[in-house]
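Got a few minutes to look over a model together? Here it comes, followed by some questions and answers.

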Amino acid sequence: MKGLMMHRPLRIADILSYAAEIHPAAEVVSVRTEGDVHRTTYAALAPRVAQLAHALRAQGMGLGDRVATLAWNGYRHLELYYAISGIGAVCHTINPRLSPEQMLYIIGHAGDRMLFLDLTFVPLIEKLKDHLPAGLRLVVMTDRAHMPDTGFDALCYEDLLDGQPAAIDWPEFDEDTAAGLCYTSGTTGNPKGTLYTHRSTVLHAMMLGLSLPAPLQPGLRILPVVPLFHVNAWGLPYAAPLTGASLIFPGPALDGASLFNLMDAEHVFSAWGVPTVWLGLLAEIRQKGRIPKGFADVVVGGSAAPRSMIAAFEEMGVNVCHAWGMTEMSPVGTQGNLPPHMAGLSLDDRLALKSKQGRRVFGVDLKIVDEAGNRLPHDGIAAGQLYVRGNAICSGYFENPEASAAAIDAAGWFGTGDIASIDADGFLSIQDRAKDLIKSGGEWISSIDLENVVMAHPDVANCAVIAVPHVKWGERPLLVVVPEPGKSPDRQELMDMLGQHFARWQLPDDVVEVDSLPLTATGKVSKLTLRQQYADHRLPEAG
Ligand code: AMP
């Protein structure tokens, strides 16, 4: 028997309408690319989002159209998140750290019709303009006074909004309508697109609002260092307005001193980002001999938070929440705030628990399996491939049946590519990565893609790219080469070849020559053995 309750579709636009009415004074503070600090509120943002929505429609955008963004964390980017999805179009966030080749690929694959870019990225688009799809409309996210001379046809963001009505009746559509698109690295080949729905996004915002930081509340001031252009800034653009928390957007400067000063001035309570970013902040805190005013909570994820980092923050009285998730999970899967009955544990015990990746949030189921797909016990010892299932987890990739089929198991669970154990209290511990990827400063590098390019060099017989631990970046790529007999491939030549396909930060930090590569029982290169062999390898810039 079916119940008798209304079925109102979940819509992203309703989050901002709610925030404007119920949390009108909560702030959105942005360090702008124009160089100043901009302040607004959810109440003041809503009419601008309505204007932007009308402007998008005037440009011919509507249901299902992909509208791309290439921008830092700031209020205009937030406005785009809401206006694009509000009219039923799809907000495609582009990661500016991708190589031009990858960027052009995803713009083409997504079928973007408009691209909104921050001032910072005008020179980049000038370089790429002849390779962009015909008909892609470009909008620079600034006002008339700051509009640069661009070498391409560009619209001005504030001009687009000017004169548009400041109210809108958001259209109704099925809650499974696509709302956002975010590409993530494949282990090989091209990036894969996660296509979020209104339903998944709203549910994720509610899950996150309940969980972090224990839980989000009106009046809290949150700094998302995690970018709007990658993993939806961990869902904060939705969870913060929903709960009435203020958003403090850092713009492009993410070094320790800039973050410290912003946090200090804005009394940031909770700051969210990858471990690399917090190393910079910790150095600044040590130099200044104090923490920023009001700072009490840090959410660390994207890569494993080192125990020493957790200890440093906790000893300063800053609560650390170690979280884990993925682009494909909207992205938050677990969070590491300790339940009340564990709050009294010794610092050592707390650090041991917080070094794990936390416990699942509502709406996320976890399972670990062995190589045959059999479920393993949650005893904190057995480690296996981690699979997830839930309300905000992708069921496949955008227009990529092959990657979709590979990602989902027979029972409908999504394979994360992480190797993990789960203890009896539900704490997840990520042990290793089955996917052939390197994560440097929170961003991906595909080992296989690098290897494919290197293998084309005539002096290379075989090669492997592995992750080597790095103090600042977490991991950096090391290229291990087996030369053809009697040859020694020129290092610079290899780097030049790679430089044609990859961003500079994705190139290996070092090259070592070996006679042969270790193999697994099935004859594949054993990356595990290589990683163990080179775990202490000193990279030239590691210091
Ligand atoms: P992304 O889609 O870029 O967010 O990357 C997701 C992947 O990053 C996960 O599958 C993990 O491999 C890794 N990851 C994310 N958070 C953590 C964490 N707290 N500890 C270890 N690895 C993490």
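**Between the domains**

Q: How many salt bridges does the rule find across the interface of domain 1 and domain 2?
A: This is a predicted model, so local features need pLDDT of at least 70 and side-chain atom pairs count only at pLDDT 80 or more, while totals for chains, interfaces and linings use all residues. Numbering runs from 1 along each chain as its sequence is written, and side-chain values use heavy atoms, with hydrogens and water left out. A salt bridge here is a side-chain nitrogen of Lys or Arg within 4 Å of a carboxyl oxygen of Asp or Glu. Across the interface of domain 1 and domain 2, that rule gives one.

Q: Which residue does Glu-443 form a salt bridge with?
A: Side chains of opposite charge can pair when their charged atoms come close. For Glu-443, the closest N and O atoms of the pair are 2.9 Å apart, and the partner is Arg-97.

Q: Which helices each supply at least two residues of the side of domain 1 that touches domain 2?
A: Helices (H or I, at least four residues) and strands (E, at least two) are DSSP runs, numbered from the N terminus. On the domain 1 side, the two to look at are helix 4 (100-110) and helix 10 (275-288).

Q: What area is buried between domain 1 and domain 2?
A: An automatic or database domain assignment sets the bounds, with domain 1 at 13-354 and domain 2 at 437-533. Buried area is the accessible area (1.4 Å probe) that two parts lose on being put together, summed over both. Carbon and sulfur atoms give 44% of it here, and the total is about 1400 Å².

**Around the ligand**

Q: Which residue has a side-chain N or O atom 2.9 Å from a nitrogen atom of the ligand?
A: Polar contacts are pairs of N or O atoms within 3.5 Å; within protein, one must be able to donate a hydrogen and the other to accept it, and residues adjacent in sequence count only if both atoms are side-chain atoms. Polar backbone atoms of Ser-303 and Ala-323 lie 3.4 Å and 2.8 Å from a ligand nitrogen, respectively. The side-chain contact at 2.9 Å belongs to Gln-357.

**Elsewhere in the chain**

Q: How many residues apart are Asp-348 and Arg-307?
A: These two form a salt bridge, with the closest N and O atoms 3.2 Å apart. Asp-348 sits in helix 12 (residues 347-355) and Arg-307 in helix 11 (residues 307-315), so to speak linking distant parts of the chain, and their separation is 41 residues.

Q: Which residue does a cis peptide bond join to Ser-330?
A: Most peptide bonds are trans. In this cis one, omega is about 15 degrees. The partner lies in the loop between strand 15 (324-325) and strand 16 (332-335), and its name is Pro-331.

Q: What is the phi of Trp-234?
A: Most residues other than glycine have a negative phi. Trp-234, found in the loop between strand 10 (221-224) and helix 8 (236-243), has a positive phi of about 55 degrees.
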